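Visitor: I am new to this structure and would be grateful for a close look at a single part of it. Please take me through that part in one connected account.

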Amino acid sequence: MKKYSLILLASMLVSPLALAEVVVIGHPGGPDSITSNQVRDIYLNRSQQLPDGQKVRPFELPEGAPARSEFHEKVTGRNDAQLKSFWSQQVFTGRGQPPQEQGNTGAMKASVASTPGSIGYLDASEVDDSVKVILTP
Amino acid sequence: MKKLFRLAPLAAAIAVAPVMAQTNDETVSRMQQQLDSMQQQLNSVKDERVRFNGFFSTGFARASNDAGFDGVTDESSVADQSLLALQGTFDVTDKSQAVLQLVGRGAEDWDPVVEWAYLSHRPTNDLQLRAGKMRLPFFMYSDSLEVGYAQTWARPPAAVYDPVAIQSYVGADATHTFNFNGSSLTTQVFTGFTEEEGNISEVKLRNTAGLTLSWTDYVWTVRGIAATAEISINATRLAAIAEANDLQLVDGQAILADEERGNFFGLGLGYDNGTWQVISEVTRAEVDGKFADTDSAYVSVARRFGTLTPYAVVGWIESQDNEERAGAFLAQGPTGIMPAVPESVLNTRRDEYSVGVRWDITPGVAIKADVTHVRGFEGSAGGLNPAFILANDDDTTNVYTLKLDSAF
């Protein structure tokens with residue numbers, strides 16, 4: 001019994017490190033929560049608005065960023081090559097432009113904090129109160 | 001007295017202090033607001049009101065003979081498979097934009113051609129209105145016909161995509177998207193006109209009107225289209241072939257349709273779960289008069305293995321009104337008017353089998369290799385080069401393609 005609780009304790013200590021988790025963040029003035037499907041629809045150009053009706057401004061991290069791969073694996077189910085191919089179809093048929101890329105996680109946080117209607121994603125460990133977490137996918 | 005004077009400002013300062021503090025708060029909050037609005041203005045400047053994108057393709061294709069499947073012969077060059085496109089997207093307002101796409105094709109000496117030039121406006125989140133030069137939305141991949149990078153194949157299945165010689169029109173469309181929980185229904189109506197000169201014919205469409213309906217749950221897609229137009233077709237290649245054989249077609253003989261009613265119907269089905277991609281389209285094109293009414297279909301299956309996506313496609317096309325072409329095109333012969341070319345030269349039948357692979361080298365660049373085998377002409381010209389097919393015993397053609405597609 002003692003052994004189990006020790007394992008439990010150990011896993012609780014380890015988990016924040018081992019399971020660095022990506023979270024969806026929003027501008028402080030935006031909605032408090034959003035569903036995974038709504039986020040997917042925004043990042044795949046199927047919807048241009050937040051649940052509260054505001055026009056949405058999604059931001060993306062560059063290819064190769066760990067949080068980007070994790071976000072797309074969990075939310076859109078597409079890898080970088082598939083996303084590129086998808087967006088080339090959207091762009092060259094005039095249906096839309098891909099989310100604006102932010103150079104790094106710091107720029108992502110600053111842009112979401114200062115752009116009304118924006119959403120983005122970050123590793124949970126990098127979030128502070130300048131933005132709000134609206135979904136943990 | 002002196003002391004009093006000295007004290008007075010102090011007293012006044014103390015008395016005023018709370019008021020000052022309040023003003024300071026107001027000032028800070030006012031400055032905060034100003035800062036916020038400046039930041040917003042900065043962000044909106046950052047919004048990139050103008051964006052440029054482009055795509056590029058090059059490659060090499062060679063056929064086993066001169067049947068001319070997709071224009072490929074046994075001496076095709078790199079230029080024929082090459083194109084470069086640049087697109088500018090200009091945000092006019094939050095809800096309106098202007099899009100201009102220029103395409104230069106190696107086969108046309110890289111002369112830039114305007115493929116898209118339109119203004120679009122989104123009055124609501126669900127509705128988009130466009131006016132200008134756009135693609136005719138006949139097929140599932142009409143819009144991205146030349147964006148090789150956006151397709152799995154080396155070329156769209158020719159049985160379905162080639163019989164309609166025209167790609168663009170000038171007009172207007174309205175697209176409405178209705179989002180259900182987890183799926184969406186898109187309705188598009190379009191109208192306009194077009195006039196294009198291809199290698200095979202000059203085609204005019206007047207009073208075009210059409211409707212497309214597309215439902216998708218993002219794994220399955222079902223699409224339907226119905227369109228109608230008044231069509232004029234001048235078979236310039238037919239006249240040229242006759243001329244090459246020292247025959248001058250009688251005036252008007254090469255006019256296959258003169259403002260005749262033409263209809264187009266298509267049904268498409270797609271399945272893409274990220275690993276398997278299955279696509280099928282069935283189309284019917286009918287034009288009153290001598291011009292061949294054709295039915296076409298293809299089924300394509302592809303599977304992604306990481307960066308490699310092998311695919312296989314089976315396609316078919318067959319003209320449905322051969323009995324209407326029992327006569328002959330008349331030419332001016334040495335002894336008077338004589339039948340020169342049987343009308344049945346317009347009969348079409350062929351089967352296509354393609355296997356290929358797409359290799360995503362890096363996001364933005366893909367290489368494709370494709371082998372296509374074409375057969376089953378059954379005495380027709382197969383919709384290919386009749387001068388070759390009918391004069392030779394070859395009843396098949398193989399086309400080998402290596403292609404690089406990129407988007408940036």
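Visitor: How much area does chain A expose, and what share of it do carbon and sulfur atoms supply? Please continue from there to the place where chain A and chain B touch.

Guide: The model shown here is predicted. Chain A exposes about 6,600 Å², and carbon and sulfur atoms supply 58% of that area. Of the 137 residues in chain A, 49% are buried. The chain has five helices and five strands, which run α-β-α-β-α-α-β-α-β-β from the N terminus on. Among the contacts in chain A between residues at least 6 apart in sequence, 69% join residues at least 24 apart.

We may now turn to the interface. The size of an interface is often given as the accessible area lost when the parts come together. Between chain B and chain A, about 2,600 Å² is buried, and carbon and sulfur atoms give 46% of this area. In chain B, the residues that lose the most area to chain A are B:Asn125, B:Tyr218 and B:Pro363, which together account for 21% of what that side buries. The contact draws 38 residues from chain B and 26 residues from chain A.

Polar and charged pairs also occur here. Seven residue pairs are in polar contact across the interface of chain B and chain A. On the side of chain B that touches chain A, two or more residues come from each of several elements, including α1 (2–46), β1 (50–63) and β17 (349–362) of chain B. The residues on that side comprise 11 nonpolar, 16 polar and 11 charged.

Side chains of opposite charge can pair when their charged atoms come close. One salt bridge is found across the interface of chain B and chain A: the side chains of B:Asp143 and A:Arg95 meet with N and O at 2.9 Å.

Chain B has salt bridges of its own. The closest N and O atoms of B:Arg135 and B:Glu115 are 2.8 Å apart. This pair links strand β5 of chain B, which holds B:Arg135, to strand β4 of chain B, which holds B:Glu115, across 20 residues. B:Arg135 is buried, with a relative accessible area of 3%, and B:Glu115 also counts as buried, at 7%. Both residues belong to a network of salt bridges that links B:Arg105, B:Glu108, B:Glu115, B:Arg135 and B:Glu146.

Another salt bridge joins B:Glu318 and B:Arg349, at 3.5 Å from N to O. B:Glu318 lies in strand β14 and B:Arg349 in strand β17 of chain B, so this pair ties together parts 31 residues apart in sequence.

Key: Residues numbered from 1 in each chain as written. Chains lettered and ligands numbered in written order. Predicted model: local features only at pLDDT ≥ 70, side-chain atom pairs only at ≥ 80, totals over all residues. Heavy atoms only, no water. Contact = heavy atoms within 4.5 Å. Buried area = accessible area lost by both parts, 1.4 Å probe. Salt bridge = Lys/Arg side-chain N within 4 Å of Asp/Glu carboxyl O. Polar contact = N/O pair within 3.5 Å; in protein donor to acceptor, adjacent residues only side chain to side chain. Helix = DSSP H or I, 4+ residues; strand = E, 2+ residues; numbered from the N terminus. Nonpolar A, V, L, I, M, F, W, Y, C, P; charged D, E, K, R; others polar. Buried < 20%, exposed > 50% of the residue type's maximum accessible area, 1.4 Å probe, protein only. Areas by Shrake-Rupley, 256 points an atom, 1.4 Å probe, with all protein chains shown as cover.
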